[in-house]
Amino acid sequence: MAGTFEINMVSFIDCSTMGDFSEVDHQRQTTVDSLHQELQKLLQTAPGGKADIFRTEFESYKRLFHRFLHESGSAIQWGNIQKLPDNAVLNYDSLKTPTEKEAIAQMLRKLVVVKLNGGLGTSMGCTGPKSLIQVRNDLTFLDLTVHQIEQLNVTYGTDVPLVLMNSFNTNDDTAKVLHKYRGRRLRIVTFQQSRYPRIDRETLMPAAKNLSTSANEVWYPPGHGDFYQAFYNSGLLDQFLQEGREFCFLSNIDNLGATVDLSELCVCVSVFLLRL
């Protein structure tokens, strides 16, 4: 839709053409009030039992919209960026590699592996979720990721879970293939990142008018930065903390080189224990 856009962490409005301060302030408040009314109308169209889910998502969306209206300029103050101290970065070759199987297993029991699975394969000339593209020997990105985590669990007798953060673009297609991994030595858990309405460029109001549709023209997944809020909202954060898991490995599903490094995990565990 040509007349809409997405709000993200670097989208800021230019207030220089909106008049004096009091006028700008009034326009901002009027816009915020109108947005709240439009979101309330949208909630009334929520499918059965899902109104609370969307209401929670909209709270985060309203905070982002508030930033969009009230902040201007670059989101990064480059003048404040300082070089790291000389001893802040550890040389990888200096890291200790654990060798005792039980010590490694204890570390892995504290770990959750999360793969960002919200993207489509359109940039690769494919349709559907990027994770389902075959990349080697008829195996998909998801197949190879499952194999990587399963090998950890088999080797060390652990239960490292694989968590997929889907988007509304990938959730249904991903769910259709998960049955093929039943009986494998890993637990696959999924949750869905937020779904935010695109903004009409003229009115600054949501282009979406109904929560029952997921059309890309009026909705968008807000990107990787949404992981933290969406993970919390899903209830998985509390669940994994109760299991004693304290560390999260996070990467894109198509980054097959991003694998669990036992030396780096050992550093994380050691630093965490020092801070207790």
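**Helix H4 and an exposed tryptophan**

Tutor: Let's start where H4 ends: Gly-157 follows this helix, with a positive phi near 65 degrees. The model is predicted, so local features need pLDDT of at least 70 and side-chain atom pairs 80 or more, while totals for chains, interfaces and linings use all residues. Residues are numbered from 1 along each chain as its sequence is written, and side-chain values use heavy atoms, without hydrogens or water.

Student: What makes residues 141-156 a helix?

Tutor: A helix is a DSSP run of H or I with at least four residues, numbered from the N terminus. H4 has 16 residues, so the name fits.

Student: How do you know that the span of H4 is close to the expected one?

Tutor: H4 reaches 23 Å from its first C-alpha to its last. The expected value, 1.5 Å times one less than the number of residues, is 22 Å here, so the two are close.

Student: Which residues of H4 are buried?

Tutor: Among them are Phe-141, Leu-144, Ile-149, Leu-152 and Tyr-156.

Student: Why is Trp-78 called exposed?

Tutor: Buried means under 20% relative accessible area, exposed over 50%, partly exposed in between (1.4 Å probe, protein chains only). Trp-78 has 62%, so it is exposed. Trp-78 lies in the loop between helix H2 (51-70) and helix H3 (101-108).

Student: What makes Ile-76, Trp-78 and Ile-81 a patch?

Tutor: Patch residues have over 30% relative accessible area and no salt bridge (Lys or Arg side-chain nitrogen within 4 Å of an Asp or Glu carboxyl oxygen), with nonpolar side chains joined within 5 Å and like charges within 9 Å. Ile-76, Trp-78 and Ile-81 form such a nonpolar patch on the surface, with about 360 Å² of accessible area together (Shrake-Rupley, 1.4 Å probe).
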